[in-house]
Every structure is written in structure tokens, then in C-alpha cells.
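Here is a small set of exercises to work through at your own pace. Keep the structure open beside you and try each task before reading its solution.

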Amino acid sequence: MSFSTKIHLFWLCCAIALPSFLHGQGAWYGDQQTLWVQGESGSTPIVNLSSDLRAIARTASGGGWIAIEENNQVIHVDSSGAVIEVIETVVGVQSLVIAASGQVWGTRPGLDDVIRIESGAGIVSTHPVGSVPYGISIDTEGHIWVSCSYANQIYRLDDSGQWLGTYPVGFFPTGISAAAAGGLWVAEKEGLTRLSSTGEVLWSETVGTFPIAVTTDLQGRAWFCCQTSNEVVVVGDQGVESVIDVPDRPLGIAANGDGSVTVVCRDGASLVTISGEFEIVSVELVTNPNGHGDLTGLQRALLADPLGDQDLDGVSNIEEAQFGFNPLDASSVPAIFIRGDTNRDGVVDLTDAIHELLVLFGVETSPCLEALDVDDDSRLTLGDAIRILDFVFSAGPAPAAPFPEYGPDPSPAQGFPCTP
Ligand SMILES: [Ca+2]
Ligand SMILES: [Ca+2]
Ligand SMILES: [Ca+2]
Ligand SMILES: [Ca+2]
């Protein structure tokens, strides 16, 4: 058996043994008859479909909700590919998004409204918006944003669907993504726009032709795909950072937890992965791939549920993003500790001061020296032990962050070693 065959078999075994891992990590996409998940070794079919797929939104458990083209249905699928429920939506749903609560929101261009779905209860409410709603996104405040492509407007609703505001934008807005710092990124037929959280245009530029979808990455940058010029345009706080050529007709784009971005190129028959440094790192050839929205679950994790801990590794989604770790992978995690809790029992008391002195005098060792730097001045001195005593007995200043809850080092660059 050749080495490469062994490697291939290894990944095949992983794909069979650990489907939930792959589903939780890989992007979902569709073609005319199947929902697929992209894994390390290529794509695996999840569910047979009766028609072409349109929109995807991933759940916290690694499953997802999908809208298909012709049957006017939204389908809830678990991470193993089992269909949990099928919701009849009367007309087609164009885009989907999932709130931290698990409620699902979708746009219905044919009825000029958005629907709210609860698992097990179906459509629980409908909310009128402007003409031909297309994209939908949820921001870090839990507000629902909707682009109305014929009205050239953006609607903002609260988490119960109450109307909060309507804001004018450029011609034919389509895909949208909430910005991590507040506000919204908007793909318009003739440009790219960023709105503030109160709907003012903060930035707008014409780059690429017919932008159709947008995602935000771990760093808060927006990645737009332009379906006519076959380009991906990356925009940060200072404007356009990169324009990347991709295969024909990119229709869907979604950031991954490892900092890369996946692009669904319909006519180019490929899934393209682009690194956070704008290099194309892989191209998987697939037939007629389709699907837009939160293909990976990272949008839900970072925007709708930033304080959640999707991968259950003890560190919140937003903290993992801030420190460059993967919020969708439990094996990627910054070390967490409570500063001053030198013996790591979860509280700061006299025993920590004693333990710190024993470490400082070389009697004991510590796997997390950063917890001993109580004042976070990048030096380990008697002053750190004294600050514990001062805090415990004399109501002196508390240890620096992270305290009193477990958390990662806010400035790891100048810190001491700390292993998980
Ligand atoms: Ca986490
Ligand atoms: Ca993680
Ligand atoms: Ca302690
Ligand atoms: Ca110190």
C-alpha cells in the first residue's frame, strides 16, 4: 500500500468515524440533488434533495437549516444528516439566519416579509418589510437586518420582529452581513457599502461587478464575492485590502473558523478556499455548486452568539476570534486562567500567595506562570505575592484580568508560559 493510499484511507476512516467533527467544521453547499459537507479529503453527501439548494444557515450543534429552490420548503437537518423537520413556507425563502436563541429567520421575496421559525413549532410570526427582501443577518445586539432589493432599503428589526428603522442604500442591495463592530456590510449591484449601527453610510465604493454575497471573518473584515467580474473583494477598516480572482460566478461565500474563507463558484464548478493572507490554498472541483449564507456556522457564532461557546472548549466565540483561535474547533483554544489563582483551584486566597512564594523561591513549579504575574507587569516579583495578600486581607486592588472568571491572557505577547 502506497503512502498516499494510506493517507487516503486514514481520512476515509476519519470521515466515517467522526462525521460530526467534519460537519461541524466543513462548509455546507448544495447542487441540484444533494446537500454536501466539505471535509479535509473532499466532499461528503449529507442529504438527498428534490431540487436545487438556495440558502444555508448552520446551527450551534453543527447541523443547519436549508431552503431549496422549488418546493417552498425550509428543511432542518442535524449534524449527521438526518432531517429533523420540514417547514412549508408558501413561497420560496431567499436567505436564512439563526439567532442565539435558535430561532430561524428567513426572507420571502414573494410576499415582501420575513418569517420567524421555531424548531418544533414551524412559522411563529411574519413581519412585513420593503419590496423584495433578499439578504438577512443578525448583529451582536440581536437585531435582524434585511436588505430589500427592489426598495433599495435596509430594514432593521428587534429580536421579536418589531420594526426599528429603515435606511436608504444604493441600487439593488442583495447579500448582507452584520459587522463585528456594529452596523452592516451591504453588497449592492453597483457597489459595496458599510452602514453604521444607526443606518448611516460609513463607507461605499464601486469594486468588482455585481457583488452578490458577503461574509465577515475572524478579524472582522468583510469578504464580498462579485458574480459577474469573478472576484472576491476584502474590505477592512481602512477600505479595500485585496481583490482576488476566482473561478466563474461566485455566488456564496463563508468564513471558516481557521481564518480561511470558502467561495462557492457556480459556473466555475469549484469550491475555492482562500487563506486569511489572500492566497488561494485549495480548489475542489464539484458540479454546479450552489448555496449562500452561513455555510460554516462562523457567522452565527461571531455575530448572533458572540458570548456563546460553540465548541465547548471553555472560551467564548468572540474571545477565540480576538486571540486568533478557532471558535468551531475545541482543539484550538487559548490557555485560560484566573490571575492570582496560582494553585489553579478557581479562587484567589491565602494559599495562592504561599504557592507563589514557593515558586519564586524555586521550591515548586507552575504550568501557568502568567497567573503568578498578579499585577500583569510582565515581571514575577514579591510584589505579586504581596498583592494577593493585600487583596485578600486588606481590600487592596484585585488581580489584573482575567479575574475573577477564567479567561485568556489579554496581552499574551509579553506574557509567561501558560498551558491549558
Ligand atoms: Ca470556544
Ligand atoms: Ca476553539
Ligand atoms: Ca487558588
Ligand atoms: Ca508582576
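The exercises below go from the whole chain down to single residues.

This is a predicted model, in which local features need pLDDT of at least 70, side-chain atom pairs count only at pLDDT 80 or more, and totals for chains, interfaces and linings use all residues. Residues are numbered from 1 along each chain as its sequence is written, while chains are lettered from A and ligands numbered from 1 in the order in which they are written.

**Exercise 1. The whole chain**

Task: Describe how the chain is divided and how compact it is.

Solution: Start with the domains, whose bounds come from an automatic or database domain assignment. Domain 1 covers 3-322 and domain 2 covers 336-414, with their C-alpha centres 42 Å apart.

Next, take the secondary structure, where helices (H or I, at least four residues) and strands (E, at least two) are DSSP runs numbered from the N terminus. The chain has six helices and 30 strands. Its radius of gyration, taken over C-alpha atoms, is 24 Å, close to the 22 Å from the globule rule (2.2 Å times the number of residues to the power 0.38); the chain is therefore as compact as a globular protein of 420 residues. The C-alpha trace spans about 70 × 60 × 45 Å along its principal axes.

**Exercise 2. The nonpolar cores**

Task: Find the largest nonpolar core and the residues with the most contacts inside it.

Solution: First, settle burial: a residue is buried if 20 or more other C-beta atoms lie within 10 Å of its own, exposed if 12 or fewer, and partly exposed in between, with C-beta atoms placed from the backbone. Of the 420 residues, 44% are buried.

A nonpolar core is then a set of buried Ala, Val, Leu, Ile, Met, Phe, Trp, Tyr and Cys residues joined through C-beta atoms within 7 Å. The largest one holds 83 residues, and Ile 66, Leu 96, Phe 224, Val 232 and Val 263 have the most contacts inside it. A second, separate core of 12 residues includes Ile 338, Val 348, Leu 372 and Phe 391.

Finally, look around Leu 96, with contact meaning C-beta atoms, placed from the backbone, within 7 Å. Beyond four places in sequence, the residues that Leu 96 touches include Ala 55, Trp 65, Val 104 and Gly 293.

**Exercise 3. Two open sheets**

Task: Work out which strands stand at the edges of the sheet E24-E25-E26-E27, then do so for E7-E6-E5-E4-E28.

Solution: Strands pair if DSSP finds at least two bridges between them. The four-strand sheet is antiparallel. Strand E24 (250-255) and strand E27 (280-285) each have a single partner strand, so one side of each lacks a neighbour in the sheet. Five bridges join E24 to E25 (residues 261-265), and Gly 252 has Val 264 as its bridge partner in E25.

The five-strand sheet has mixed pairing. Here strand E7 (83-88) and strand E28 (292-294) are at the edges, each with a single partner strand. Inside this sheet, E4 (residues 53-58) and E5 (residues 64-68) are antiparallel over five bridges; Leu 53 is matched with Ile 68 in E5.

**Exercise 4. One loop residue**

Task: Decide whether Gln 103 is buried or exposed.

Solution: Locate Gln 103 in the loop between strand E8 (96-98) and strand E9 (104-108). Then count: Gln 103 has 21 C-beta neighbours inside 10 Å, so it is buried. Leaving aside neighbours within four places in sequence, Gln 103 is in contact with Arg 116, Ile 117 and Glu 118.

Conventions. Two residues are in contact if their C-beta atoms, placed from the backbone, lie within 7 Å.
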